[in-house]
Amino acid sequence: MDDIQKRPRICEEFRNPQIFEALYDEYSKKLYRYIFLQLNSKEDVEDVLASTFTKFWEYVNNPKYTTVEIKNTAALLYRIARNLVIDQYRARQPATSVEAMAEAGIELSDSKSVDANKHAELMLLMSAMGA
């Protein structure tokens with residue numbers, strides 16, 4: 001629906017089922033392609049797409065935002081999708097274990113004053129692990 005893109009709307013307007021359905025029809029395929037290019041997994045894409053519209057619905061139904069104007073609906077939807085894609089990336093990465101750090105020769109200190117070399121080693125290891 002072109003009307004969704006042409007004018008700003010306040011959040012309360014998106015509570016109308018017809019407007020929300022038109023929004024879904026307008027953006028679901030575009031967002032699917034955007035998310036798929038990031039994740040390459042049909043299951044993850046479907047989860048993120050559903051979560052994107054769920055989060056948008058929660059946002060517009062939050063009483064605190066009733067009169068907030070959404071100037072660019074597409075930008076908001078893509079921002080939500082982007083943040084959820086980032087969450088997916090984070091969920092895919094294994095956490096760095098203490099054992100792995102010890103095996104790499106990094107000593108862990110209870111002291112708050114870790115010297116710069118140990119900190120640099122830790123950062124190097126974490127970047128090598130993709131964290």
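**Caps, bend and core around helix H2**

Biologist: What makes Asn16 the cap at the N-terminal end of H2?

Modeller: A side-chain oxygen of Asn16 lies 2.8 Å from the backbone nitrogen of Gln18, and because a polar contact is a pair of N or O atoms within 3.5 Å, one able to donate a hydrogen and the other to accept it, with residues adjacent in sequence counting only if both atoms are side-chain atoms, this pair qualifies. The model is predicted, so local features need pLDDT (the predictor's confidence in each residue, from 0 to 100) of at least 70 and side-chain atom pairs count only at 80 or more, while totals for chains, interfaces and linings use all residues. Residues are numbered from 1 along each chain as its sequence is written, and side-chain values use heavy atoms, without hydrogens and water.

Biologist: Why does Asn72 count as partly exposed?

Modeller: Its relative accessibility is 43%, and since buried means under 20% relative accessible area and exposed over 50%, with partly exposed in between (1.4 Å probe, protein chains only), Asn72 falls in the middle class. The side chain of Asn72 also reaches the backbone nitrogen of Ala75 at 3.0 Å, and one of its polar atoms lies 3.3 Å from the backbone nitrogen of Ala74.

Biologist: What is meant by the bend of H2 at Tyr27?

Modeller: Helix H2, residues 17–39, bends by about 40° at Tyr27, the angle being taken between axes fitted to the seven residues ending there and the seven starting there.

Biologist: Which helix gives the most to the largest nonpolar core?

Modeller: That core has 22 residues, among which Leu23, Leu31, Ile35, Phe53 and Phe56 touch the most other members, and H2 gives the most to it, with 7 residues.

How values were computed. Helix = DSSP H or I, 4+ residues; strand = E, 2+ residues; numbered from the N terminus. Core = buried A, V, L, I, M, F, W, Y, C linked by side-chain atoms within 4.5 Å.
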